[in-house]
Amino acid sequence: MRYADLNTPLRTIMTPGPVEVDPRVLRAMATPIVGQFDPAFTHIMNEVMDMLRQVFQTKNQWAFPIDGTSRSGNEAILCSIIEPGDKVLIPIYGRFGHLLTEICRRYGADVYTIECAWGEVFDPDVIITEMKRIKPKIVAIVHGETSTGCLQPLKEIGHACRESDILFVVDAVASIGGVDVKVDEWCIDGLVGGTQKCLSVPSGSAPITYNNRIEQVLKRRKKVEQGIETDEDRRLGRSGPIIASNYFDLSMLQDYWGPRRLNHHTEATSMLYALREGLRIVLEEGLEQRFLRHALHEKALIAGIEAMGLKLFGNKEHKLTPVTCIIIPDGIDGESVRSMLLNEFSIEIASSFGPLHGKIWRIGTMGYSCRKENILIVLSALEAVLIRHGCSVNRGEALQAAMDAYEESLLTAKTATE
Ligand SMILES: Cc1ncc(COP(=O)(O)O)c(C=O)c1O
């Protein structure tokens with residue numbers, strides 16, 4: 001046999017995605033395929049929509065996954081509401097703000113950007129002032145900026161958008177399932193989550209939700225695919241410009257996920273099984289409990305990193321809980337450290353992009369990867385590898401500090417229940 005059996009190494013994955021997949025999700029993926037219109041499958045589709053509403057904390061009717069990686073969710077919402085020439089305001093504070101900009105430009109939007117330093121977030125008033133000046137149709141922003149480990153507060157921006165009748169679109173790919181995301185309370189009109197991060201499901205599906213403000217735009221642009229449209233569809237016609245993408249046309253996807261069950265793409269059956277199991281795990285754990293777990297392991301990790309003598313990157317007040325960025329000490333080759341972690345310890349951590357490449361490491365503590373043993377292993381391995389690279393660290397301090405953090409949290413929890 002020319003090709004051997006698949007035999008991938010077992011890694012401890014501490015990047016900001018993709019992360020270790022919960023074994024329950026892997027098992028669900030081995031479930032036999034059923035046809036996409038089999039009632040057994042449409043029942044699963046409805047269950048996934050219901051679970052997504054809970055995770056997104058929304059009463060929106062529409063909550064379903066796009067088949068594609070996370071950016072497909074961004075692209076689906078944006079291309080379905082952008083009409084050529086529409087003004088879109090995008091505040092950028094890292095790589096993924098640039099991604100939103102690129103997507104909007106490709107769909108013919110008139111894009112306005114504001115930027116702040118990577119490692120910082122925007123004062124909401126700065127964005128609101130700009131909104132009032134530009135009067136865009138859409139404000140699109142990243143909630144958790146994976147490239148810098150920062151979390152942008154959204155509530156004030158969302159309320160200001162609603163008051164000015166602006167559509168508010170949010171990329172919550174890195175934050176969903178790890179920190180609080182309140183779609184309805186924060187007046188978010190369209191939101192995209194990621195599977196391969198805090199949900200611990202493989203990459204390849206992008207859960208989205210949107211409300212009736214977005215649905216109003218879709219109604220004007222609604223199209224039923226040539227070849228399956230009825231006389232009635234033809235009679236109704238369309239008053240707005242057609243959505244530029246067939247694959248991402250939410251007006252068509254809605255007909256597939258809604259009661260009409262109109263054929264569109266062939267559903268990625270096994271990915272939907274995976275998403276269903278991932279969401280079931282989140283809801284079993286409970287949102288509050290899950291956010292507390294992410295915060296606990298972040299605390300222990302930071303305690304260890306700082307005790308080692310390393311410095312964190314970014315504004316601590318606006319840190320994204322599941323992504324911890326560390327400044328690479330002077331004279332240390334960041335890529336060499338990452339390679340040694342992978343080759344000697346089978347641990348993967350990440351570097352970053354653009355201006356931060358070679359300047360910081362990023363450690364993800366997301367979903368199933370966010371476990372005590374992973375925190376302790378990554379700290380001990382990082383210390384060993386840094387010593388190997390001639391870096392002066394406070395030897396033996398990191399693990400003790402992390403273990404103290406865990407013990408303290410146990411004590412606090414015990415006192416609280418007494
Ligand atoms: C915040 C954010 N948005 C969008 C993306 C793009 O996701 P994908 O690579 O799955 O298309 C990522 C990927 O890491 C991300 O972190």
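# Getting to know this predicted model

Me: Which residues does Ile281 touch, not counting residues up to four places away in sequence?
Reply: This is a predicted model, so what follows is computed from its atoms or comes from a record. Ile281 sits in helix H10, which runs over residues 269-285. Leaving out residues up to four places away in sequence, the contacts of Ile281 are Asp22 and Arg24.

Me: Is Ile281 buried or exposed?
Reply: The cut-off for buried is 20 or more other C-beta atoms within 10 Å. Ile281 has 20 other C-beta atoms within 10 Å, so it counts as buried.

Me: How far apart in space are Ile281 and Ser164, C-alpha to C-alpha?
Reply: Along the sequence, Ile281 and Ser164 are 117 residues apart. In space, going from C-alpha to C-alpha, the separation is 38 Å.

Me: OK, zooming out: how many helices and strands does the chain have?
Reply: H10, the home of Ile281, is one of the helices. For the chain, the count is 14 helices and 13 strands.

Me: What radius of gyration does the chain have?
Reply: The C-alpha trace spans about 75 × 60 × 60 Å along its principal axes. With 418 residues, a compact globule would have a radius of gyration near 22 Å. The chain agrees with that, with a value of 22 Å.

Me: Among contacts between residues at least 6 apart in sequence, what share joins residues at least 24 apart?
Reply: As for cover, 48% of the 418 residues count as buried. Now the contacts: among those between residues at least 6 apart in sequence, the share joining residues at least 24 apart is 73%.

Me: Which elements give two or more residues to the shell around the ligand?
Reply: The residues surrounding the ligand include Gly17, Thr69, Ser70, Arg71, Phe96 and Leu99. Two elements give two or more residues to that shell: helix H3 (70-81) and helix H4 (95-106).

Me: By class, what is the shell around the ligand made of?
Reply: Val142, Val173 and Ala174 are among the residues around the ligand, and so are Thr146, Asp171 and Ser203. Sorted by class, the shell comes to five nonpolar, five polar and two charged residues.

Me: How far apart are the end C-alpha atoms of H3?
Reply: H3 has 12 residues, and at 1.5 Å a residue it should span 16 Å. The model agrees with this, as the end C-alpha atoms of H3 are apart by 18 Å.

Me: How many of the residues of H3 are buried?
Reply: Ser70, Gly73, Glu75, Leu78 and Ile81 are among the buried residues of H3. The helix is mostly covered, and the count of buried residues, out of 12, is 11.

Me: Which residue does UniProt list for "binding site"?
Reply: The residue in this unreviewed entry lies in strand S13, residues 360-364. With 23 other C-beta atoms within 10 Å, it counts as buried. Its contacts, not counting residues up to four places away in sequence, include Pro16, Gly149 and Cys325. The UniProt record gives this residue as Arg362.

Me: Where does UniProt place the feature "modified residue: N6-(pyridoxal phosphate)lysine"?
Reply: The residue is found in the loop between strand S9 (190-193) and strand S10 (205-210). It counts as buried, with 30 C-beta neighbours inside 10 Å. Among the residues it touches, not counting those up to four places away in sequence, are Gly17, Val173 and Ala174. The unreviewed UniProt entry puts the feature at Lys197.

Me: Which residues does a cis peptide bond join?
Reply: Most peptide bonds are trans. Here, though, one has omega of about 0°. Pro18, one of its partners, is found in the loop between strand S1 (12-13) and helix H1 (23-29). The cis bond joins Gly17 and Pro18.

Me: Is Asp165 buried or exposed?
Reply: Asp165 is found in the loop between helix H6 (155-163) and strand S8 (167-172). Its phi is near 55°, a positive value in a residue other than glycine. With 9 C-beta neighbours inside 10 Å, Asp165 counts as exposed.

Me: And what is phi of Ser346 near?
Reply: Ser346 has its place in the loop between helix H12 (334-345) and strand S12 (347-348). It counts as partly exposed because it has 14 C-beta neighbours inside 10 Å. Ser346 is a residue other than glycine with a positive phi, near 60°.

How values were computed. Residues numbered from 1 in each chain as written. Predicted model: local features only at pLDDT ≥ 70, side-chain atom pairs only at ≥ 80, totals over all residues. Near = placed C-beta within 6 Å. Helix = DSSP H or I, 4+ residues; strand = E, 2+ residues; numbered from the N terminus. Nonpolar A, V, L, I, M, F, W, Y, C, P; charged D, E, K, R; others polar. Expected span 1.5 Å × (residues − 1). Rg over C-alpha atoms; globule rule 2.2 N^0.38 Å. Contact = placed C-beta atoms within 7 Å. UniProt positions renumbered as here; feature names shortened; annotations may be inferred.
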